[in-house]
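Reader: I am new to reading protein models, and I would like to learn how the words used for them are justified. Could you show me the structure and then take my questions in turn?

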Amino acid sequence: MQTSKWHAHAMRKGAALAGCAALVVGLTAAGAQAHPGHRDPARQTLPANDGWAAHGTGTTGGAAADAARVYTVTTWAGFKAALAVPGTAPRIIKVKGTVDAVADGCDAFAVPGYDFDAYLAAYDPATWGHDTDLSAEPDDSPEGLRRASAARQDQAVKANVPANTTIIGIGRNAGFKGASLQIKGVDNVIVRNLAFESPVDCFPQWDPTDGATGNWNSEYDSAVVYGSTHVWLDHNTFTDGEHPDSAAPTYFGMLYQQHDGQLDIVRGADHVTASWNVFSDHDKTILIGNSDSESTAAGDRGHLRATFHHNLFENLVERAPRVRFGQVDVYDNHFVANDDYAYSFGVGKESALVAEYNAFTLPDGVSAAKVLKKWSEAPVTAAHNRVNGRAVDLIAVHNAEIPAETLRPGAGWTPTLRTEVDPARAVPGLVGRGAGAGRLR
């Protein structure tokens, strides 16, 4: 059995998870304080008016959990066990240290007979071509064995988060490696103070028909908000960590892409606030609304309302965020680009994006016209933003330099769910000092 050479260094082997680690029940009673003068962060709730997640009932997560439903976990098995405790009464899960969802590495998921070199030989475009995808390949083919291996990883690395849950890192060095949080079809979830190292897809699929030359397609986002409501993500760090795309090889002339997104908000999800997070060193970062299709649109129209404020978006290529359908408010964020930068805001089908009071730090030779990217005809509001310390009308610059993709100003709505709005010139300093895991006060 042989996996790719990239697999070997993309996932370091660790000690096997020994059974289902016991859960340590937290001793903090409901309403207790972590220490005098400071409320326990695990019992904090989203402040009033703090973005779309404050709409209606607001977002309280597991703040009201009884002591018996407070868990401290140090392993992936223990974390999944805490999530699996029956019932939707409030629960708090405290994460201590780095929890590795793929401690045994990629080889642990490969089914007998899977061989990456055989896969490359079978689907080399020189012999397979670009006219036929791999969907009809039988189970005993290299693609069939890849599918089976991928299914094993899928089962292992995804964790379904129940309603009325707070997941919070303890201290400055808590987080997940290789995990995918699935916030799916539930209400009232808080995720805070966690460092996420993006999952590495051990078994990307080659699609010969994707574009003119084919492409590698991967799975697994660090966090997915799928059909859920009232979700608050705060003071987290999302990064590719030890496995950046720059270290990946190319096969069939295309990057062997083993990452998907860092955060997706899709399939009718609604009322989401992402505040004081760091999103760094990634390609396709945040997707809001995953399809233009009418079947998907039926569930997305009137939903996908999200707020992003005081986040750091650093060394990203695109999708910060890319928006379809939703009323999305992006204010007081700092965007720091490098030479690989493609765009920040993707203006997609029926989107209503408001981007205000943001700061952009762009390298020499990268124009502010690239900040906005038009994918579909939709209005956008972009005001009071600054680029490299200067006030810039992002729409005017875009339309002047890219007239073939002229944007229409005026998103058609005015955000009201905001707390204090800082001037754009103050944003780099504020966000630099306060955003990310380990900086929760």
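Author: Let us start with a term: a strand here is a DSSP run of type E with at least two residues, and strands are numbered from the N terminus. The model is a predicted one, and by that rule the protein has eight helices and 36 strands.

Reader: What makes Tyr357 part of a loop, and where does that loop lie?

Author: Tyr357 is found between two strands, β30 (352–356) and β31 (359–361), and that stretch is the loop.

Reader: Why is Tyr357 called partly exposed?

Author: Buried means under 20% relative accessible area and exposed means over 50%, with partly exposed in between. Tyr357 has a relative accessible area of 23%, so it is called partly exposed. Asn388, in the loop between β34 (386–387) and β35, has 46% relative accessibility and therefore also counts as partly exposed.

Reader: What is notable about phi in Tyr357 and in Asn388?

Author: Most residues other than glycine have a negative phi. Tyr357, however, has a positive phi near 60 degrees, and Asn388, which is not a glycine either, has a positive phi of about 50 degrees.

Reader: Which peptide bond is cis, and what is its omega?

Author: Most peptide bonds are trans. The bond that joins Ala320 and Pro321 is cis, with an omega of about -5 degrees, and Pro321 lies in the loop between β25 and β26.

Reader: Why are β6 and β35 said to stand at the edges of their sheet?

Author: Ten strands form this open sheet, in the order β6-β9-β12-β17-β22-β25-β28-β31-β34-β35, and the pairing is mixed. β6 (98–100) and β35 (390–391) each have a single partner strand, so one side of each is left without a neighbour in the sheet.

Reader: How do you know that β25 and β28 pair?

Author: Two strands pair if DSSP finds at least two bridges between them. Strand β25 (residues 312–318) and strand β28 (residues 334–336) have three bridges, in the parallel sense, so they satisfy that rule. Within this pair, Glu314 stands opposite Val336 in β28.

Reader: How many bridges join β23 to β26?

Author: Two bridges join strand β23 (residues 286–288) to strand β26 (residues 322–323), and these strands run parallel. The bridge partner of Leu287 is Arg322 in β26.

Reader: Why does the radius of gyration agree with that of a compact globule?

Author: With 441 residues, a compact globule would have a radius near 22 Å, and the protein has 22 Å, which means that the two agree.

Methods
Residues numbered from 1 in each chain as written. Predicted model: local features only at pLDDT ≥ 70, side-chain atom pairs only at ≥ 80, totals over all residues. Heavy atoms only, no water. Helix = DSSP H or I, 4+ residues; strand = E, 2+ residues; numbered from the N terminus. Rg over C-alpha atoms; globule rule 2.2 N^0.38 Å. Buried < 20%, exposed > 50% of the residue type's maximum accessible area, 1.4 Å probe, protein only.
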